[in-house]
Amino acid sequence: MPGFENCGRWRRFRLILNTRHTAPEEYHFRDDTWTTLILPSRPRKGLKNHYEGRHMQITALSKHIGAEVTGIDLRQPLDDVTRKALNAAVVEHIALVIRDQEFTPRQYLAAIANFGEPMPQHFTQYELPDCPLVCEVSNRHTDKTGKRVKHGAGWHTDHTNHVRPPKYTCLFAVALPSKGGGTSVVNMRAGYEALPEDLRQKIQGMRTVNVLQGSASAHSAHSAEAQADQKPVGVQQPLIRTNPENGKKALYFHPVKTECIVGMTPNDTQALLNELLAHAVRDEFIYTHRWKKGDVLLWDNRAALHRANFDYDPDEHRLLHRVLVKGEVPE
Ligand SMILES: O=C(O)CCC(=O)C(=O)O
Ligand SMILES: [Fe+2]
């Protein structure tokens with residue numbers, strides 16, 4: 001029987017693959033404890049048991065957001081229990097860091113398929129030619145004027161102008177600056193709960209209208225190029241989104257892609273979104289990932305905003321490989 005160890009104030013769980021096949025399958029979430037999950041690593045016929053002698057461990061990184069996974073090689077096939085535990089960890093902890101991976105783009109794509117179906121991305125010019133569901137996020141990309149594009153510099157969630165935006169965004173480090181260049185993810189479940197009551201009441205039932213780039217947004221995602229591609233009719237999304245996997249509500253918006261909130265002008269909309277950001281984005285709700293070689297970072301777009309940190313020497317190369325996992329129609 002796995003033991004529960006007291007570990008202070010926040011929820012953690014630990015998952016151990018039992019290579020001796022003695023313990024029954026256990027799967028628990030418990031508040032105020034470490035929860036240890038003992039999973040059988042089933043040997044497959046004719047296949048060497050790839051988990052032999054290894055431990056997969058999932059450890060929460062803070063009270064509000066982030067968990068780290070060690071002791072797993074995502075190039076190997078995963079059993080259902082392991083896959084479910086990883087997916088449950090993303091939903092629970094919102095941002096998941098999986099350490100020490102080594103992939104070709106195809107292996108990376110296959111690894112991410114454990115989390116759902118990969119989907120095509122907006123900017124097809126960044127697709128890897130041999131593996132188009134994997135796109136580059138690079139600080140060397142330029143727009144038509146030759147200016148460097150700063151992908152994801154402000155708080156946002158991805159592809160809100162899609163009817164079915166991605167539930168997870170996944171990044172894998174390929175080239176990293178010597179310092180800085182982290183990725184920050186903020187818990188918008190906590191952000192929603194932290195709103196003053198009158199503001200929370202005011203935004204009930206509101207819907208954002210999403211285009212490639214909103215006319216009143218302060219940031220320019222893709223400048224003239226983006227404007228040219230813009231769809232005339234926006235896609236509506238709920239401003240408060242419920243994650244169907246746990247029933248929890250979160251603030252859900254992309255300030256740059258929001259043209260307006262239904263019934264409001266673009267300028268009033270931006271003012272309201274800024275007010276929401278000011279209340280919801282708190283240091284204790286943020287996880288900033290400091291990239292190491294071999295890291296995969298993924299997060300649940302249904303409960304988070306994220307941004308790239310441009311606090312590094314731009315002459316150093318920063319390249320991540322990105323895969324998006326298909327989501328449901330937001331409600
Ligand atoms: O470069 C990063 O750290 C994140 C970029 C981003 O916003 C994304 O990949 O969706
Ligand atoms: Fe993004």
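**Surroundings of ligand 1 and a three-stranded sheet**

In this predicted model, ligand 1 is surrounded by Val137, His151, Gly152, Asp158, Thr169, Leu171, Thr183, His306, Ala308, Leu320 and Arg322. Three elements each give two or more residues to this shell: strand S9 (168-175), strand S18 (304-308) and strand S19 (319-325). By chemical character, the shell holds four nonpolar residues, five polar ones and two that are charged.

Strand S18, one of the contributors to the shell, also takes part in an open sheet. Three strands make up this sheet, in the order S16-S10-S18, and they pair in antiparallel fashion. The edges are taken by S18 and strand S16 (286-289); each has a single partner strand, so one side of each is left without a neighbour in the sheet. On average, and with direction ignored, neighbouring strands here are turned by 20 degrees against each other.

A closer look at the pairing of S10 with S16 may be helpful at this point. Strand S10 spans residues 183-187 and is joined to S16 by four bridges, the two strands running antiparallel. Within this pair, Val186 is found opposite Ile286 of S16. Thr183, which belongs to the residues around ligand 1, lies in the range covered by S10.

Turning to the protein as a whole, the fold comprises six helices and 19 strands. Of its 331 residues, 40% are buried. Contacts that reach far along the sequence are well represented: among those between residues at least 6 apart in sequence, 78% join residues at least 24 apart.

Notes:
Residues numbered from 1 in each chain as written. Chains lettered and ligands numbered in written order. Predicted model: local features only at pLDDT ≥ 70, side-chain atom pairs only at ≥ 80, totals over all residues. Near = placed C-beta within 6 Å. Nonpolar A, V, L, I, M, F, W, Y, C, P; charged D, E, K, R; others polar. Pairing = 2+ DSSP bridges. Axes fitted to C-alpha atoms, helices over the stretch in contact; angles between N-to-C directions. Buried ≥ 20, exposed ≤ 12 C-beta atoms within 10 Å, placed from the backbone. Contact = placed C-beta atoms within 7 Å.
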